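Let's take a walk through a protein model together. Keep the picture open while you read, and look up each residue as it comes along.

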Amino acid sequence: MESAVPAMRNVEIKAKLGGFEAFKQLVATVEELTGSEGELIVQRDVFFNTSNGRLKLRYLTHKKSELISYDRTDVPGPKLSSYELLELDDPSCMERVLASTVGVRGRVSKRRLLFLHDQTRIHLDDVDDLGFFLELEVVLRSDQTPEEGKRIAEVIMERLQISSADLVTGAYMDHLLKK
């Protein structure tokens, strides 16, 4: 049985890392910050054609797969993202339905280390055919403004020594399509 999560908001940043050594060094820093070794998550995302926002089907191995609809501006730096999530029992069926009706835009495969720090999800990603990235997702409470989320993201960026020059825009899918 599918179950929906109410619309949520977060403030996100995405940064390109210099390579495997920079990735390893950042893992150690984030482990120290969070007091955790993180959780390894293997993800395969299928992006579908849309007229507004983005729609992806996320295949997961550690829990139910998810259909995620989200909208965010493609600008560098912290930005607001609004999203809805539907957990799926039969993701293959959902992929067939969406592929036959709206079409597949592309696919992204990655290995993600997930760390939690207060209300922020810290992702250290190894993305096939793209390289290594850091993503921060500051999950906003209903009473928080996007500006508060941006301040939290900026503090964590400073602590992790992520500069504005490291920041990238768009989804991994966008970067793969540009290659």
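## A cluster of rings

Phe20, Phe23 and Phe132 are linked into a cluster by ring pairs. Rings of Phe, Tyr and Trp (its six-membered ring) count as a pair if their centres lie within 6.5 Å; planes under 30 degrees apart are called stacked, over 60 edge-to-face, and the rest tilted. Searching the whole structure turns up four aromatic pairs. One of them is Phe20 with Phe23, a stacked pair with 6.5 Å from centre to centre and 25 degrees between the planes. Phe20 and Phe23 sit three residues apart in helix H1 (residues 20-34), so about one helical turn separates them.

How do the two rings fare for exposure? Buried means under 20% relative accessible area, exposed means over 50%, and partly exposed is in between (1.4 Å probe, protein chains only). Phe20 is partly exposed, because its relative accessible area is 45%, whereas Phe23 is buried at 10%.

Before going on, a word about what you are looking at: this is a predicted model, where local features need pLDDT of at least 70, side-chain atom pairs count only at pLDDT 80 or more, and totals for chains, interfaces and linings use all residues. Residues are numbered from 1 along each chain as its sequence is written, and side-chain values use heavy atoms, with hydrogens and water left out.

## The whole chain

The protein chain has four helices and eight strands. Here helices (H or I, at least four residues) and strands (E, at least two) are DSSP runs, numbered from the N terminus. Starting at that end, the elements run β-α-β-β-β-β-α-β-β-β-α-α.

The C-alpha trace spans about 45 × 40 × 30 Å along its principal axes. For 179 residues, a compact globule would have a radius of gyration near 16 Å, and the protein chain agrees, with 16 Å. That radius is taken over C-alpha atoms, and the globule rule is 2.2 Å times the number of residues to the power 0.38. Of the 179 residues, 48% are buried.

Contact means heavy atoms within 4.5 Å. Among contacts between residues at least 6 apart in sequence, 62% join residues at least 24 apart.

## Three exposed loop residues

Now for some loops. Here are three residues to find:

| Residue | Loop between | Relative accessibility |
|---|---|---|
| Ser51 | strand E2 (39-48) and strand E3 (54-60) | 72%, exposed |
| Asp118 | strand E6 (104-117) and strand E7 (120-127) | 75%, exposed |
| Asp129 | E7 and strand E8 (131-139) | 61%, exposed |

Which sign does phi have in Asp118? Phi is positive there, about 50 degrees, although Asp118 is not a glycine. Asp129 has a positive phi too, near 70 degrees. Most residues other than glycine have a negative phi.

As for Ser51, its C-alpha lies 23 Å from that of Ser92, and the two are 41 residues apart in sequence.

## Down at the last helix

Leu176 belongs to helix H4 (residues 172-178). Is Leu176 buried or exposed? At 18% relative accessibility, Leu176 counts as buried. Leaving aside neighbours within four places in sequence, Leu176 is in contact with Arg107, Val108, Asp128, Asp129 and Leu130. So you meet Asp129 again, the loop residue that counts as exposed at 61% relative accessibility. Leu130 is 46 residues from Leu176 along the chain, yet their C-alpha atoms are separated by 7.0 Å.
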